[in-house]
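Trainee: I have a model open and a list of terms I only half trust. Can we test them one at a time?

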Amino acid sequence: MNESSSSDDPWRKHRGPGSPRGRDRGPSVAKGPRPQSRGNQRGGQLAHGELPLVATCALGLEEFVEQELRLLGVTRIQRERGAVRFIGDWPMCWRANLWLRTANRVLVELGSWIANDNDTLYWGCFELLDRKGPRAVAGMSARELFDPHKTFAIRASSSRSILSDTRWIGQKIKDAIVDAQRNVFGRRSSVDREQPDRAFRVLLQRDRATLLLDTSREPLDRRGYRMSMVDAPVREQLAAACILASGWNGEGPVLDPMCGSGTLLAEAGLWALGWAPGRLRSEWAFANLPGFDSAAFARMKKHSGPRAAQSASNQPKRIFGGDELPEAIRATSANLERAGIGHMADLVRQDAFDWQPPAEKGLLVINPPYGERLVQQPDLWPRIGDLMKQRFAGWTAVLLAGDLAFAKTVGLKPRRRIAVTHGQLDARIVVFDLY
Ligand SMILES: C[S@@+](CC[C@H](N)C(=O)[O-])C[C@H]1O[C@@H](n2cnc3c(N)ncnc32)[C@H](O)[C@@H]1O
């Protein structure tokens, strides 16, 4: 069966005949006979130069990744759990890596096939490489992509599938790649788990395998500005999602009275200025892939991009930060300097409840302590509620709550609540319009 889509929807998945449910057959089956060619490319309706791309993200951040992709000009988008699929070309892939504030990685989908046992898993991958003729995979010839002089690594994951042992799945995919390389080139690649030239991911979902190529290398939260950290820093993507969720249009200053390492302030500043979150990074996996145009990428880095609407007025932006810990102020100061926005910041060591608003309007961002630290201050959330109500009328406030029960004691009705994961925690982004 040819599984390339015949519909207009390039994401349409052709499902094979119903697969028997059962347990992973495990390593006892090495390699069965090669089945009839099934064709394993998805995205059959792609025009020349178009790629099926996937931006992965933490659960709950999908809507922000989609919003960011639309701002970058992407139109064909499909949201999934923990990922957003989209269609773009290689320059869009570089742009997404450079600009996405809320995604973890950008991957290219290389192929997808039914894999309900060891043989189908193995042969589906083998066929991707062992193509007759010059057929390209994601705009690269299979020969370039699986060049045996390049090292590679595989990471596997599985959900709701008969094959569930991810080590075994990764091993099978590795076998398929190196066997097909021997077949085509007469030699195979070495595996390098630390610094591979090609980082592949295989994802099994409901007995469908998808092989993906990582184009990011380090996850996109490694912006390069946060070298100093104090307790419980929030991940950069989640901090950026808080800023986007607030709907802040860039008017007025941003203030974080419990700034910790300053992540929320840094992400607000970068968004207000329209600076790429990846501007300080120098290493990208896509730079090692065939067709990378370093001059075009350098030009792309010079342009400003999507930003808070009012910020285009080029009014000087102000950032205010405070914390009760002197080490937090030092860390925030160093991080904002590295991000290139230290000149916009006023930082003071002071109690959060001593702040007076520095302007009539602005964005108040707070990620209060949670867990044990919060137990020591049980009235913290009602006090935050009072601070917002009594002093910050006219402002927008966004709170990242790591402790849901406490968040309810704030005593104000939020405009939005968004369920997100914060490390292992079930957290909420809560947005308030303060009158
Ligand atoms: C969860 S951390 C914030 C982490 C920060 N969002 C980041 O990304 O690094 C909470 C911070 O609130 C500070 N804090 C707690 N109570 C405070 C208070 N009453 N006044 C000022 N800072 C306070 C703590 O010192 C800590 O740095």
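Mentor: Yes. Keep in mind that this is a predicted model. Start with the ligand: the shell residues around the ligand divide into 11 nonpolar, 4 polar and 4 charged.

Trainee: What makes a residue one of the 19 around the ligand?

Mentor: Its C-beta atom must lie within 6 Å of the molecule. Of the 19 residues, Met258, Gly260, Ser261, Thr263 and Ala352 come nearest.

Trainee: Gly260 is among those nearest the ligand. Which class does Gly count in?

Mentor: Gly counts as polar, because the definition places it there.

Trainee: Now the sheet. What is the order of the 7 strands in the open sheet?

Mentor: The order is E12-E11-E10-E13-E14-E16-E15, and the pairing is mixed. E12 (345-349) and E15 (416-422) each pair on one side only. From one strand to the next, the twist averages 15 degrees.

Trainee: How do you know that E15 and E16 pair?

Mentor: Count bridges. Two strands pair if there are at least two bridges between them. E15 and E16 (residues 425-433) have 7 bridges, so they pair, in the antiparallel sense. One bridge partner to look up in E16 is Asp426, which faces Thr421 in a bridge.

Trainee: What holds paired strands together?

Mentor: Strands of a sheet pair through backbone hydrogen bonds.

Trainee: Why are 45% of the 435 residues called buried?

Mentor: Because each of those has 20 or more other C-beta atoms within 10 Å of its own.

Trainee: And how many helices and strands does the protein chain have?

Mentor: The protein chain has 12 helices and 16 strands.

Terms used:
Residues are numbered from 1 along each chain as its sequence is written. This is a predicted model: local features need pLDDT of at least 70, side-chain atom pairs count only at pLDDT 80 or more; totals for chains, interfaces and linings use all residues. Helices (H or I, at least four residues) and strands (E, at least two) are DSSP runs, numbered from the N terminus. Axes are lines fitted to C-alpha atoms, for helices over the stretch in contact, and angles run from 0 to 180 degrees between N-to-C directions. A residue is buried if 20 or more other C-beta atoms lie within 10 Å of its own, exposed if 12 or fewer, and partly exposed in between; C-beta atoms are placed from the backbone.
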